[in-house]
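Reader: I am new to this structure and would be grateful for a close look at a single part of it. Please take me through one region where two pieces of the protein meet.

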Amino acid sequence: MKKTALSLSILATLALGSASAQTVVKIATLSPLSGGQSDLGTQIRNGAQLAVNEYKPQFKKLGMDLQLVAYDDQADPATGTAQARKIAADRSILAVVGTLNSGVAIPSSQALAPSHVAMVSPANTANQVTDRGLSNMNRIVARDDAQGPAGANFITQNLKAKKVYILNDKTAYGEGLAKEVEKALKAKGVQVITNEGTEEKSDFSSIIAKIKLQRPDAIYFGGIYNQVGVFIKQLREAGITAPVVGGDGLDSAELATIAGKGANNIYFTTVAAPIEALPAARTFATNFQKTFKDQAQGFGAFGYDAAKVVLQGILNAAKANGNKVPSREQVEQAIRKGNFTGLLSGNVSFNSVGDRKAATLYVMNVDNGKYKLATSIPVKPARQ
Amino acid sequence: MDLATLLPFIVNVVVGGLVLGFVYAIIALGYTMVYGVLQLINFAHSEVFVTGAVVGFEVFRVLAPNPMNGYLKLLIALVAAMVVSGLLNVLIERLAYRPLRNAPRLVPLITAIGVSLILQDVLRVIEGFQGRFDLTYTLPEGFSGKFCSAESSCVALGNALRTVGIDLQLKDVILIVVGLVSLAVLNYLVGRTRLGKAIRAVAQDRVTAGLMGIDANRMISATFLIGGALGGISGVLFGIKFGTVNAYSGFDPGIIAFTAAVLGGIGSIPGAVLGGLVLGVIQNLIGVTNIFGGLLGIANLEAIDASYQRIGAFIVLVLILIFKPTGLLGKSNVEKV
């Protein structure tokens, strides 16, 4: 008897609760919040939080209480996948903003795919992230294979080079990038002197002697900052001032430190825009500073944009669903098919596999050891 | 491309190789000295050499704001690196090799590799605590300029060199001078002094030398001290030449210098120098082979680019070991019974 009364009262409370309170709708962020990359991961979380704060009133009108839950993937694929399973189990989470690392995104999105939890990445660049054609994985940054052509574009259009010397570090990353650049340059009729591989870390004398003999207008180096930095230092000491161009492997403050006095006339392509490169980001940066007492960086802005895509997608799906909470499948479709405007990085729409139809690569310039934005290059994925 | 542009290029490549060879040569001397006395390949020598480079970096860093003469800074860096590397080498011998002196030959070889790995991580930790990994040499003003630049009084000499294609930087000249001086001092030390005589005696026959009243352990320590000091010098020269160094930079030059020592005839001082110079030149020449491939239209040559530099050096080594196993200047050991 007593038991029945108790369960009845519980049932009653539950029924009352759902009648009076609003339905809770959650989105999640998945990014490293601890460990060496927590700085970048926290930016993503905070950017998304700003977007959630902004959209709260709109969701309230529909009777939904919007919340953000932040999950920590520690930049580790295994941890990320475990967290993704937790996200899949929480039915109130409709979509995910994340991750920072492509290596985490690939297994996590796989884990989320069966339960149709849409993921919008503010940072992943590996081709494989979307090449698997998952229905839930999208990204708002350019793909790795866009970097080569973009670098080649920059060399021909901005540097007006007619003769280019290409180097690579003989790794999958550097060699692949250099090959893409070579292909794109040749297609534009630019003379590619050579595409030379070197694993050398300290002595570039014979390569520099060849560069001196051939007098290229520009040098492209597909490699990582610590090797390229030493090369540039020796190159400048040998009196060669030709511009050196590279990919996001050069995106490190260490590059200028290693190159020392030679750290000038260097350019590299990267997907993480500095805040000042985004025209609409000024108010965002002030809000960010006010809310989190921390300077907004590129990944904060992209976290904000990714969250806006997610939230706008949920709203669209809700509208189609008669202003009721949409299902995960509906959100997934609304995000993939949606057209999102008014973002910091421009408008977003996705192709059939979740790549941004018109993304932007940023070209940074290092001059006298200082980094600044040289130009931004619009890029399109091969599939539209 | 005609001969008038190619000739200076080739000269430049050969001279660059010789400069590089000097760095290898001085590292190789450290290997050869220890081998000559103990028949031990001191694989930790590459880390002793990196320690010298790190000490040099620290000296230049600390002295950078000081307006003192650049050459004085260089001297301080060299002496500091010699002392630290020399003492380190003595310590390594005392702790890691001496207790194993009578063990089979393979044992000290393995210990040497172990010591080398330990030292790498110790260096990494020491610099890592200060938030550094790639150490960038801050050289005194002008050290990275051209040799005999327009402002200096020796323009004529500089121009004359430049017309034949030798475009030296001031630091290359410093490197050659320091290399030659250390070689001369070493030669004098080993050939003309009582200490050198004693070292040579121990090298020839440790037991008999002991019977003649030579303290073999002290002579071995002295050898390690000299070898370590040479490692320190070469470390600083390496840092000056290439600009940066990190805890793991020792492996590549270490293995090439070891090759140079074997190529020249391990145990022989002039052999080590010759081996270093030969390898430096061969490396640089292989590094530019593809240029000639392009000019002569030979596709096979064109494919040989800078990534084959190292392989070339080792092919030469293999050939030498097949046809003259004692090395270029090595003497075969004839045991008289």
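Author: What follows is an account of the side of chain B that touches chain A. The model is a predicted one.

The size of an interface is often given as the accessible area lost when the parts come together. Between chain B and chain A, the buried area is about 2200 Å², and carbon and sulfur atoms give 49% of it. In terms of residues, 29 of chain B are in contact with 27 of chain A.

Among the specific links across this boundary are two salt bridges. One salt bridge is formed by Arg310(B) and Glu200(A), whose closest N and O atoms lie 2.6 Å apart. There are also 10 residue pairs in polar contact between the two chains, both residues of each pair being at pLDDT 80 or more.

Several helices of chain B take part. At least two residues each come from helix 1 (3-38), helix 9 (216-242), helix 11 (269-287), helix 12 (289-296) and helix 14 (309-323). Helix 1 of chain B gives the most to this side, with five residues. Residue 310, the position of the arginine in the salt bridge with Glu200(A), falls in the range given for helix 14 of chain B.

As for the chemical character of the side of chain B that touches chain A, 11 of its residues are nonpolar, 12 are polar and six are charged.

Terms used
Residues are numbered from 1 along each chain as its sequence is written. Chains are lettered from A and ligands numbered from 1 in the order in which they are written. This is a predicted model: local features need pLDDT of at least 70, side-chain atom pairs count only at pLDDT 80 or more; totals for chains, interfaces and linings use all residues. Side-chain values use heavy atoms; hydrogens and water are left out. Contact means heavy atoms within 4.5 Å. Buried area is the accessible area (1.4 Å probe) that two parts lose on being put together, summed over both. A salt bridge is a side-chain nitrogen of Lys or Arg within 4 Å of a carboxyl oxygen of Asp or Glu. A polar contact is a pair of N or O atoms within 3.5 Å; within protein, one must be able to donate a hydrogen and the other to accept it, and residues adjacent in sequence count only if both atoms are side-chain atoms. Helices (H or I, at least four residues) and strands (E, at least two) are DSSP runs, numbered from the N terminus. Ala, Val, Leu, Ile, Met, Phe, Trp, Tyr, Cys and Pro count as nonpolar, Asp, Glu, Lys and Arg as charged, and the others, Gly among them, as polar.
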